[in-house]
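Student: I keep meeting labels in structural biology without knowing how they are earned. Please go through this one with me, and let me ask about each label.

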Amino acid sequence: MARMITCDACRKSGNGDVPGTVPLTIGPDEYDLCEPHAKKFRTHFADLFGTTKENAA
Ligand SMILES: [Zn+2]
């Protein structure tokens with residue numbers, strides 16, 4: 001049985017069917033986020049820490 005990876009942020013708000021395509025690691029914690037949530041978190045961290053090196057990869 002394939003294990004579906006779902007967005008942790010969506011699941012937290014009651015929607016467990018959204019695929020989590022973007023992995024997020026903070027220290028030892030790992031999360032999976034959908035594209036909109038990933039974008040939201042990136043914007044949030046950019047606000048917190050100032051400029052980011054976006055698209056460095
Ligand atoms: Zn989400």
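Tutor: Let's start with the words helix and strand: helices (H or I, at least four residues) and strands (E, at least two) are DSSP runs, numbered from the N terminus. Residues are numbered from 1 along each chain as its sequence is written. This is a predicted model, where local features need pLDDT of at least 70 and side-chain atom pairs count only at pLDDT 80 or more, while totals for chains, interfaces and linings use all residues.

Student: What makes α2 a helix, and what follows α2?

Tutor: α2 has 15 residues, and a helix run needs at least four, so the label fits. Just after α2 comes glycine 50, with a positive phi near 85°.

Student: How do you know that α2 reaches about as far as expected?

Tutor: The expected span is 1.5 Å times one less than the number of residues. For α2 that gives 21 Å, and the reach from first C-alpha to last is 21 Å, close to what is expected.

Student: What pattern does the protein chain follow?

Tutor: Along the sequence, the pattern is α-β-β-α, made of two helices and two strands.

Student: Why is histidine 37 called buried?

Tutor: Buried means that 20 or more other C-beta atoms lie within 10 Å of a residue's own, exposed means 12 or fewer, and partly exposed is in between, with C-beta atoms placed from the backbone. Histidine 37 has 21 such neighbours, so it is buried. This residue belongs to α2 (residues 35-49). Across the chain of 57 residues, buried residues make up 11%.

Student: Why do arginine 42 and aspartate 17 get other labels?

Tutor: Arginine 42, also in α2, has 15 neighbours inside 10 Å, so it counts as partly exposed. Aspartate 17 sits in the loop between α1 (8-12) and β1; its 9 neighbours make it exposed.

Student: What makes a residue a contact of histidine 37, and which residues does histidine 37 touch?

Tutor: Two residues are in contact if their C-beta atoms, placed from the backbone, lie within 7 Å. Leaving out residues up to four places away in sequence, histidine 37 touches Cys7, Ala9 and Cys10. Cysteine 10 is 27 residues away along the chain, with 8.0 Å between the two C-alpha atoms.

Student: How do you know that β1 and β2 pair?

Tutor: Strands pair if DSSP finds at least two bridges between them. β1 and β2 (residues 29-33) have five, in the antiparallel sense, so the test is passed. Proline 23 stands opposite aspartate 32, and leucine 24 opposite tyrosine 31. The two strands form a hairpin with two residues between them, and glycine 27 in the turn has a positive phi of about 60°.

Student: Why is β1 said to lie largely in the open?

Tutor: β1 covers residues 22-26, and of these five residues the number buried is zero, so the strand lies largely in the open.
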